[in-house]
Amino acid sequence: MFGLGKKSIVISSPMDGTVIPLSKVSDPVFSQGILGPGIAIQPDSGYVCAPCSAVIEQMFETGHAANLVTDSGVQLLIHVGIDTVKLKGRHYTIIKNSGEKVSKGDILMEFDAAAISGEGFDTVTPVIICNPDDFGKLSFAKEGAIKAGETLITINN
């Protein structure tokens, strides 16, 4: 039938930075895909913005991570840094809270990358698809520079 073709879902980069494969992240929970498939960004900026229209299912009280559910049902985890929960919220500022509806580009949280690194933490930011079995094939951006809002993950249903 006309007009019933399958549509791709685009998840944009939540920050400026450098794309790296998830397999190169130092934490095995991420690098081995235990939480789901994804990609990581070494940030050049101190903010995380919504990668698409979504609801914030959970903004961690420490501000280091957020779970989002996109309008198309994709469950995303954006996790700023490795083991950064140990900072107990230092160097993070929450802008949007759990339960809020956000649009692509809305700033969710801000962070001080230099201060986080200064305390010995890696700021690499995994972006994980937590419910991949609900969707089709995933394609990830190539390694290299990316700007917030550019395509990071494409899901072909």
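Author: Welcome! Two residues are in contact when heavy atoms lie within 4.5 Å. This is a predicted model, where local features need pLDDT of at least 70 and side-chain atom pairs count only at pLDDT 80 or more, while totals for chains, interfaces and linings use all residues. Residues are numbered from 1 along each chain as its sequence is written, and side-chain values use heavy atoms, with hydrogens and water left out.

Reader: Thanks! Is Ser13 buried or exposed?
Author: Ser13 sits in the loop between β1 (8–12) and β2 (17–21); strands are DSSP runs of E with at least two residues, helices runs of H or I with at least four, numbered from the N terminus. Leaving out residues up to four places away in sequence, Ser13 touches Ile41, Cys49, Ile146, Lys147, Ala148, Gly149, Glu150 and Leu152. The cut-offs are under 20% relative accessible area for buried, over 50% for exposed and partly exposed in between, with a 1.4 Å probe and protein chains only. Ser13 has 0% relative accessibility, so the verdict is buried.

Reader: And Asp44, buried or exposed?
Author: Asp44 is also a loop residue, placed between β3 and β4. Not counting neighbours within four places in sequence, Asp44 contacts Asp16 and Gly17. Its relative accessibility is 60%, so Asp44 is exposed.

Reader: How many disulfides are there?
Author: A disulfide needs a pair of cysteine sulfur atoms within 2.5 Å. Cys49 is buried at 5% relative accessibility, and Cys52 is buried at 11%. The sulfur of Cys49 has its closest cysteine sulfur in Cys52, 10 Å away, which is too far for a bond. By this rule, the number of disulfides is zero.

Reader: Which residues touch the most other members of the largest nonpolar core?
Author: A nonpolar core is a set of buried Ala, Val, Leu, Ile, Met, Phe, Trp, Tyr and Cys residues joined through side-chain atoms within 4.5 Å. The largest one has 35 residues, and those touching the most other members are Val48, Leu108, Leu152, Ile153 and Ile155.

Reader: Which residues does Ile153 touch?
Author: Start with the pairing, where two strands pair if DSSP finds at least two bridges between them. β12 (residues 137–140) runs antiparallel to β14 over four bridges, and Ile153 in β14 stands opposite Phe140. Beyond four places in sequence, the contacts of Ile153 are Ile9, Val10, Ile11, Ile39, Val127, Ile129, Ser139 and Phe140.

Reader: Which residue in β14 is the bridge partner of Ile9?
Author: β1 and β14 run antiparallel and are joined by five bridges. In β14, Ile9 has as its bridge partner Ile155.

Reader: Which strands stand at the edges of the open sheet, each with a single partner strand?
Author: This sheet has three strands in the order β4-β10-β8, with antiparallel pairing. One side of each edge strand is left without a neighbour in the sheet because each has a single partner, and these strands are β4 (47–49) and β8 (92–94).

Reader: What does the twist average from one strand to the next?
Author: Axes are lines fitted to C-alpha atoms, for helices over the stretch in contact, and angles run from 0 to 180 degrees between N-to-C directions. From one strand to the next, the twist averages 15°.

Reader: Last one: which residue in β10 is the bridge partner of Tyr92?
Author: β8 and β10 are antiparallel, with three bridges joining them. Across that pairing, the partner of Tyr92 in β10 is Phe111.
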